[in-house]
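User: Please take a close look at one part of this model, the sheet with the most to say about its packing, and walk me through how its strands and the helices against it are arranged.

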Amino acid sequence: MFDKVLIANRGEIALRVLRACREMGVRTVVAHSSADADSLPVRLADEAVRIGPAASRRSYLNAAAIVEAARQTGAQAVHPGYGFLSEDADFAEICAENGLVFVGPPPQVMAALADKSTARALMSRAGLPLPPGSVRTLPTVTEAQAVATEVGYPVILKAAAGGGGRGMTVVRSAAELPRAYARTRAAAQVAFGDDRVYVERYLADARHVEVQVLCDGHGNGVHLGTRDCSVQRRHQKLVEEAPAPALRPATLDTLAEVALRGVLSVGFTGAGTVEFLVDDAERAHFLEINCRIQVEHPVTEMVTGVDLVQEQLHIAAGTPLRMRQSDVRLHGVAIECRVNVEDPDRDFAPAPGRLERFRPPGGPFTRVDTHGHAGYLVSPHYDSLLAKVAVWAPDRTAALNRLDRALAEFDVAGPGVRTTIPFARRVLRDPAFRAARHTTALVERLLAPIPDSTDNAGNTDNTGNADSAGTAPVRAAVPDPRAGPAPAGRTPVPATGPTTWRNP
C-alpha cells in the first residue's frame with residue numbers, strides 16, 4: 001500500500017478520499033487553489049500544497065502543478081476524485097511518466113472509453129445492447145439526417161468527447177436537425193476541442209440505471225449491483241438510489257452481468273460505472289462508462305458495506321481484488337439527495353455566499369458527505385454541490401421517509417444563499433416517484449408551469465417550494481469552471497510555484 005497519496009480535488013470528494021486514506025494509515029496531501037486555502041480538506045490533511053489561484057484552469061486543471069506538488073511532497077499516488085482531471089487520459093499518462101500511480105484505469109482504456117463513439121463500438125462488440133442510432137460519428141448533416149430518419153424522431157445528438165451531461169441536444173423533428181447539428185458541433189468544439197457527433201434515438205420516458213463495477217489488474221472483476229439515477233435536470237443527477245427499484249430481478253441480473261463483461265473486455269481496472277437507459281418494456285440500452293468514482297457512490301456503499309474508495313486504492317497499489325462475486329450481498333435500500341447551492345425558483349441559478357448557519361441532519365442510518373460548516377464561504381468559482389444526504393432503511397418506503405425527515409432537519413442559511421432542498425423534498429413526495437414509476441421526465445414534469453392554485457381565501461399553495469435558506473436576495477448565475485473544457489496539452493507550472501505547508 002502507498003505511504004502517501006496526493007488528492008487532486010476539492011470539496012466533499014477530497015474530504016471523502018482523505019478519510020478513506022486516514023483509516024488505512026495512508027498519509028495525505030491535498031492540492032488546493034488559493035480560494036480553498038481554509039477549506040476543511042486542507043485543514044485536515046497531513047500536508048497541503050497551493051497549486052494556483054481560484055480559477056480551476058490554473059489550479060485543479062493544471063496537470064503540471066499537481067504533478068510537481070506530488071513530487072515535492074513525496075506522494076506515490078494521485079487520487080483525482082471526480083470531475084476536473086479524473087477522466088483525463090493525458091493526465092494519467094503524465095503521472096505515469098513522473099513515477100506516480102494514477103488511481104484509475106490505464107490511460108489507453110480511459111482514452112478509448114472517453115470517446116463515446118469508440119466506447120459504443122467496443123461495447124457493441126462485447127455484446128452490450130445499444131440504443132438505435134449510429135455507431136460511428138457523422139461528419140455531415142446529410143449523414144445525420146439519414147440516421148435520424150432511419151431510427152425515427154425524436155433523436156439526440158451527442159458529442160463524441162462529451163460527458164457529465166454536456167454536449168447533447170434533443171431534436172424532435174427533421175426541420176430542427178440542421179440547426180441543432182451545427183449548434184451541437186460548434187458547442188462541442190468549444191467545450192471539448194472535438195466537434196465530432198453521433199445520433200441516437202431519444203428515449204423520453206426511460207429509466208437511467210447504472211451498474212457499479214470493481215476490476216483489478218489481474219483480470220478479476222465484480223459488480224456491486226445497480227443504482228437508479230432517473231431524477232435528473234438537464235442530464236445532471238439530483239436523487240440516486242440503490243438498488244434500482246421496480247425492475248424485475250432478471251433485468252437487474254442481466255444489466256449487472258453485461259456491464260461487468262463489457263468493462264473486462266477492454267482491460268478496465270479500478271472503480272467504474274456502466275450506465276444504461278431502460279425503457280418501459282425493461283429493454284436496456286448502453287449509454288457510457290465512467291472511469292472514476294461517482295458522486296452517488298455512497299448508496300452502493302450503504303447497501304453492500306464495501307468502501308469503494310479504499311478498494312480503489314488497493315487496486316491502484318496492485319492488490320488483487322479482495323472479494324469475489326459471491327461475497328457481494330445487497331441489504332436494504334439506500335437513497336441519496338444532492339444538496340446544491342442553487343435557487344430552484346430561478347431556474348436553479350447558482351446562489352453562493354457565506355454560510356451563517358450550517359447544521360446537517362443526523363439520526364440512525366443517515367450519512368452526510370459535506371465540506372460545509374458554519375462560516376464557510378461557498379465559492380462562485382466551482383460547482384454548486386455542498387452536501388450529499390444519504391440514508392439506509394430495510395425497505396424503500398422507510399428510506400424515503402427517513403430521507404425526507406433528514407432533509408427537513410438540514411439547516412442552511414446565509415445572505416444570498418439558497419439550496420435545492422425544497423425541490424428535492426417535492427421529488428420525494430411525488431406520487432410517481434414514491435411508487436417507483438418515475439422516469440427521466442420526472443423533473444421536467446415537476447418544473448412545468450401549473451395553473452394558479454390560489455384558493456378562495458386568497459392563499460397560494462406553495463407546498464414543497466419554501467426555501468430552507470430564507471428569502472435573501474438571489475445571486476446572479478455564475479459559470480461553472482468545472483463544467484468547462486478540459487485543458488489542451490500540458491499546462492506549465494505557475495511562475496510562483498506551489499506553496500507547501502504541513503500540519504503538525
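Analyst:
**The eight-stranded sheet and its helices**

Strand β9 (residues 207-215) and strand β12 (residues 270-278) run antiparallel to each other and are joined over 9 bridges; strands are DSSP E runs of at least two residues and helices H or I runs of at least four, both numbered from the N terminus, and two strands count as paired if DSSP finds at least two bridges between them. Within these strands, Arg207 stands opposite Val278 in β12. The model is a predicted one, in which local features need pLDDT of at least 70 and side-chain atom pairs count only at pLDDT 80 or more, whereas totals for chains, interfaces and linings use all residues. Residues are numbered from 1 along each chain as its sequence is written, and side-chain values use heavy atoms, with hydrogens and water left out.

The open sheet has 8 strands in the order β13-β12-β9-β10-β11-β14-β19-β18, with antiparallel pairing. At its edges stand β13 (284-290) and β18 (366-370), and because each has a single partner strand, one side of each is left without a neighbour in the sheet. From one strand to the next the twist averages 25°, where axes are lines fitted to C-alpha atoms, for helices over the stretch in contact, and angles between N-to-C directions run from 0 to 180 degrees.

Two helices that pack on this sheet can be described in turn. Helix α1 (residues 11-23) touches β18 and β19 (385-393), contact meaning heavy atoms within 4.5 Å, and its direction makes about 115° with that of β18. Helix α9 touches β9, β10 (221-233), β12 and β13, and its direction makes about 50° with that of β9.

Helix α9 also leads to the interior of the chain. In the largest nonpolar core, which has 56 residues, Leu6, Phe91 and Phe276 touch the most other members; such a core is a set of buried Ala, Val, Leu, Ile, Met, Phe, Trp, Tyr and Cys residues joined through side-chain atoms within 4.5 Å, and buried means under 20% relative accessible area with a 1.4 Å probe, counting protein chains only. The largest share of this core, 7 residues, comes from helix α9 (residues 249-265). Apart from this core lies another, of 35 residues, among them Leu238, Ala393, Leu403 and Leu407. Over the whole chain, buried residues make up 57% of the 504 residues.

Note on methods
Buried means under 20% relative accessible area, exposed over 50%, partly exposed in between (1.4 Å probe, protein chains only).
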